[in-house]
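Here is a short briefing on one structure. It takes the sheet first, then the helices, then two residues.

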Amino acid sequence: MNFIGKILPIDGYYVMKKEHLPVDYGVSLTQLYQPLIGIYAVSLYHTLLHDSNIHAHVSPQTHHTLMNNLNLSLDEIYRSRLKLEGIGLLKTYKYNEDNRDFYTYELLSPYAPNDFFKDDMLSQLLLHHIGDQKYDMLFSHYVPNEREYGEEITVDFSDVFQTVTPTEKVARIENYNSQNNSVKHDVPMDFSWIEQMLNKRMIPANQVLTTDTKRLIYQMKVLYNLDSHEIERACQYAINESYQFNQKEFKAACHDIFRSKNNQQSVRLSEKNNLDKSYEVTKPKTKKEQLIYELERISPTQLLKDLSRGNDASDQDIKVIESVMTKQDLPAPVMNVLIHYVLLQSNMKLSKAYLEKIASHWSRLNLQTASDAMNFARQEQQKAQSKVKKNNYTRQRQTATKEVIPDWFKERKNKSQVTSENPNSSMEDQEKIASRLKQYLNEN
């Protein structure tokens with residue numbers, strides 16, 4: 001892909017390094033990171049690292065100098081920079097001064113070899129890139145063998161020292177550490193769908209879904225691009241009779257599911273074709289985009305909960321949705337549009353037969369996004385209305401097209417947008433947005 005124009009040779013750059021590098025960082029970059037991001041990206045990291053020492057506290061360097069040092073085109077340097085950012089080795093900041101762009105590159109510390117293998121996503125990627133034999137050799141070399149040391153008899157702090165009331169400074173430090181730990185272990189994923197599945201099978205969700213397990217599930221979901229129902233299936237393989245979560249079995253199940261979806265191909269890192277567009281984060285602007293954004297990001301369970309005015313969805317509805325979603329292999333965003341569409345067409349009743357009929361049709365069409373599903377639903381709605389007009393069923397058409405405002409969307413937007421200064425105006429805005437799906441389906 002051509003990135004020409006994204007950055008210019010005259011643009012300046014600074015380099016900073018806040019973190020201390022591990023002693024064997026060079027080994028990690030060459031043996032562990034390089035198979036994933038390539039030699040150009042690793043060379044760029046090394047060059048920026050030396051720049052941070054040589055050119056510290058001096059005028060900025062130009063990217064033309066960087067091109068000469070690396071003997072690479074600016075297009076390849078930009079591509080390598082994005083790889084470093086994506087793998088977690090670089091942060092980039094940009095500002096403009098006197099009509100000239102300046103960049104600040106913050107180098108992040110790579111994992112030490114031992115810690116690299118503790119990261120489930122990176123270690124799995126490395127396995128797929130270099131193969132079992134080379135991976136096992138590196139793993140056995142850098143990860144020390146576990147050995148039995150006997151029963152631990154180490155005493156605690158309180159057994160040796162007298163405890164004291166913490167000073168204000170100590171209290172602030174403990175509070176800071178607890179806050180940072182909570183942020184560090186936060187996983188940006190909705191686990192309510194998995195919790196529902198575990199509870200229905202009489203499996204204690206709190207015992208299974210530990211912090212480490214949630215992080216692993218999220219990483220494997222991202223790595224293999226799995227849908228929610230596929231993650232559920234992998235979880236079922238990984239939970240034994242004692243309700244213990246076997247991480248090795250879960251990884252293997254995720255990998256098998258990925259291969260079955262992709263003609264037995266193994267997972268590998270590749271650059272996105274639309275990387276230059278996806279690199280810039282855009283926010284939904286129109287009402288249609290806002291609705292699509294909601295349907296893309298929430299789970300079907302949360303959607304049913306919102307449709308029930310905040311109450312938990314019934315087990316029967318959950319069972320119907322899970323059955324249809326699994327059988328027809330529909331992505332969650334498409335399933336959300338389908339649920340909403342069926343409810344609008346069935347006077348807010350979740351008809352299993354009607355749901356299965358449409359789901360089977362949409363599955364054959366291979367709809368993948370909420371936008372695709374909404375566009376097709378709109379076309380079907382227009383065809384149905386055209387047929388009604390031909391048969392002169394005007395009164396029935398008016399009844400069938402009576403607008404049903406989805407309360408879940410209105411209530412969801414109220415939570416984040418209603419202000420004390422003008423609550424009536426905010427409510428009107430939410431009602432307009434809430435009715436957008438029905439309007440969008442009926443637009444000519």
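Helices are DSSP runs of H or I with at least four residues, numbered from the N terminus. One such helix is α1, residues 25–37, and Y33 is found in it. The model is predicted.

**Sheet**
- Four strands form an open sheet. Their order is β2-β1-β4-β3, and the pairing is mixed.
- The edge strands are β2 and β3, the latter spanning 90–97. Each of these two pairs on one side only.
- Strands of a sheet pair through backbone hydrogen bonds, either parallel or antiparallel.
- Strand β1 covers residues 12–17 and strand β2 covers residues 61–62. The two run antiparallel, joined by two bridges.
- G12 has T62 in β2 as its bridge partner.
- On the β4 side, β1 is held by six bridges. Here the strands run parallel, and β4 takes in residues 100–107.
- V15 has its bridge partner in β4 at Y105.

**Helices across the sheet**
- Helix α2, residues 39–54, lies across β1, β3 and β4. Its direction is at about 80° to β1.
- Helix α4, residues 74–87, lies across β3 and β4. It runs at about 125° to β3.
- Strands β3 and β4 are thus named for α2 and again for α4.

**Y33 in helix α1**
- Is Y33 buried or exposed? Its relative accessible area is 2%, so Y33 is buried; the cut-off for buried is under 20%.
- Which residues does Y33 touch, leaving aside neighbours within four places in sequence? The contacts are S28, G38, I87, L89, P110, Y111, F116 and L122.
- I87 belongs to that contact list, and residue 87 closes the range of helix α4.
- Y33 and P113 are 80 residues apart in sequence. Their C-alpha atoms are 10.0 Å apart in space.

**K251 in helix α13**
- K251 sits in helix α13, which spans residues 247–261.
- Why does K251 count as buried? Its relative accessibility is 17%, and buried means under 20%.
- Beyond its neighbours within four places in sequence, K251 is in contact with D120, Q124, L216, M220 and Y224.

How values were computed: Residues are numbered from 1 along each chain as its sequence is written. This is a predicted model: local features need pLDDT of at least 70, side-chain atom pairs count only at pLDDT 80 or more; totals for chains, interfaces and linings use all residues. Side-chain values use heavy atoms; hydrogens and water are left out. Two strands pair if DSSP finds at least two bridges between them. Contact means heavy atoms within 4.5 Å. Axes are lines fitted to C-alpha atoms, for helices over the stretch in contact, and angles run from 0 to 180 degrees between N-to-C directions. Buried means under 20% relative accessible area, exposed over 50%, partly exposed in between (1.4 Å probe, protein chains only).
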